[in-house]
Amino acid sequence: MSTLSAGVSREKALEILKQYNAEAFHIRHGLTVSAVMGWFAQDLGYGEDAEFWSLAGLLHDVDYENWPEEHCTKCVELLEQGGCTPELIHAVCAHGWGMTGSTAQPDHEMEKVLFACDELTGLIGAAALMRPSKSTKDMELKSLKKKYKDKKFAAGCSREVIDHGAELLGWELETLLDKTLRAMAETEDALEAAVAENT
């Protein structure tokens, strides 16, 4: 039985996301991190909380498009108004720990995964676009590692944050890269369907 309550349905969470995000890029990113978080919940043995993990991923950047200077702080007001629970709001705020004005630290394993995989999904997505297939399904870990080491590639995706995330989880960087790549590959079809429906 789930021990975490989001306070909102997926439909309501999507409504909140779209209320404050008009750009297709930001909606796709929310849906991507949502899919990856749901995958991680199952992989790490938190299947009963998979919906909560997924909703934290969906809403993690809810305030970024309109309030980039207040990222991970403005979201408190927005999510409270939307009916989200304090634990969901904390998870969203904690993904910006050390990077924004947020003082919320990632405590739960779910929060550490969100912190770790947020930037990484962007890097993997950029790497996929460089491939003839435009897909993560045929991407190998060694190819991802090569892109990761090239600091000029997807320079906006902070390697420092990703490295820190792996440390918070107590994982080798390679484990984080491998799991996140698998998460994106295995959820790609469902993600594309969700993107088509919501953008």
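This note walks through the pocket, cysteines, salt bridges and aromatic pairs of a predicted model.

1. **The largest pocket.** Start with the open space. The largest pocket holds about 780 Å³. Its lining counts 32 residues. Nearest the centre of this pocket lie F25, H29, D118, T121 and G122. Look at those five to find the place in the structure.

2. **What lines the pocket.** Three elements each give two or more residues to the lining of the largest pocket: α2 (24-43), α6 (109-129) and α9 (173-198). Which of them gives the largest share? That is α6, with eight residues. By class, the lining of the largest pocket is made up of 13 polar, 10 nonpolar and nine charged residues.

3. **Cysteines: C75.** The model has zero disulfides. C75 deserves a look all the same. Its nearest cysteine sulfur belongs to C93 and is 3.6 Å away. A disulfide needs the two sulfur atoms within 2.5 Å, so C75 and C93 are not counted as one. C75 is also buried, at a relative accessible area of 0%.

4. **Cysteines: C84.** Is C84 buried or exposed? C84 is buried, because its relative accessibility is 8% and buried means under 20%. The closest cysteine sulfur to that of C84 is in C75, at 9.8 Å. That is too far for a bond.

5. **Salt bridges: E77 and K74.** The count of salt bridges is nine. One of them joins E77 to K74, with the closest N and O atoms 3.0 Å apart. Both residues sit in helix α4 (residues 74-82). They are three residues apart, about one turn of the helix. The two partners fall in separate accessibility classes: E77 is partly exposed at 37% relative accessible area, while K74 counts as buried at 16%.

6. **Salt bridges: R182 and D178.** Another bridge links R182 with D178, and here the closest N and O atoms are 3.6 Å apart. Both belong to helix α9, four residues apart, again about one turn of the helix. R182 is partly exposed, with a relative accessible area of 32%. D178 is partly exposed too, at 28%. Helix α9 has appeared already, as one of the elements that line the largest pocket.

7. **Salt bridges: E140 and K142.** E140 pairs with K142, with 3.7 Å between the closest N and O atoms. How accessible is each partner? E140 counts as partly exposed at 45% relative accessibility. K142 counts as exposed at 64%.

8. **Aromatic pairs: W97 and F115.** The count of aromatic pairs is five. Among them is the pair of W97 and F115. How are these two rings set against each other? They are tilted, with 55° between the planes and 6.3 Å centre to centre. W97 lies in the loop between α5 (86-94) and α6, and F115 in helix α6, so the pair ties together parts that are 18 residues apart in sequence. W97 is partly exposed, at 24% relative accessible area. F115 is buried, at 2%. Note that helix α6, which holds F115, is also the element with the largest share of the pocket lining.

9. **An aromatic cluster.** One more feature to find in the view. Ring pairs join W39, F40 and W171 into a cluster.

Technical notes. Residues numbered from 1 in each chain as written. Predicted model: local features only at pLDDT ≥ 70, side-chain atom pairs only at ≥ 80, totals over all residues. Heavy atoms only, no water. 1 Å grid on protein atoms, 1.4 Å probe; cavity = no way out; pocket = protein on both sides within 12 Å on 5 of 7 lines; lining within 4 Å. Points joined across faces, edges and corners; volume = space filled by probe spheres on them. Nonpolar A, V, L, I, M, F, W, Y, C, P; charged D, E, K, R; others polar. Buried < 20%, exposed > 50% of the residue type's maximum accessible area, 1.4 Å probe, protein only. Salt bridge = Lys/Arg side-chain N within 4 Å of Asp/Glu carboxyl O. Phe/Tyr/Trp six-rings, centres within 6.5 Å; stacked < 30°, edge-to-face > 60°.
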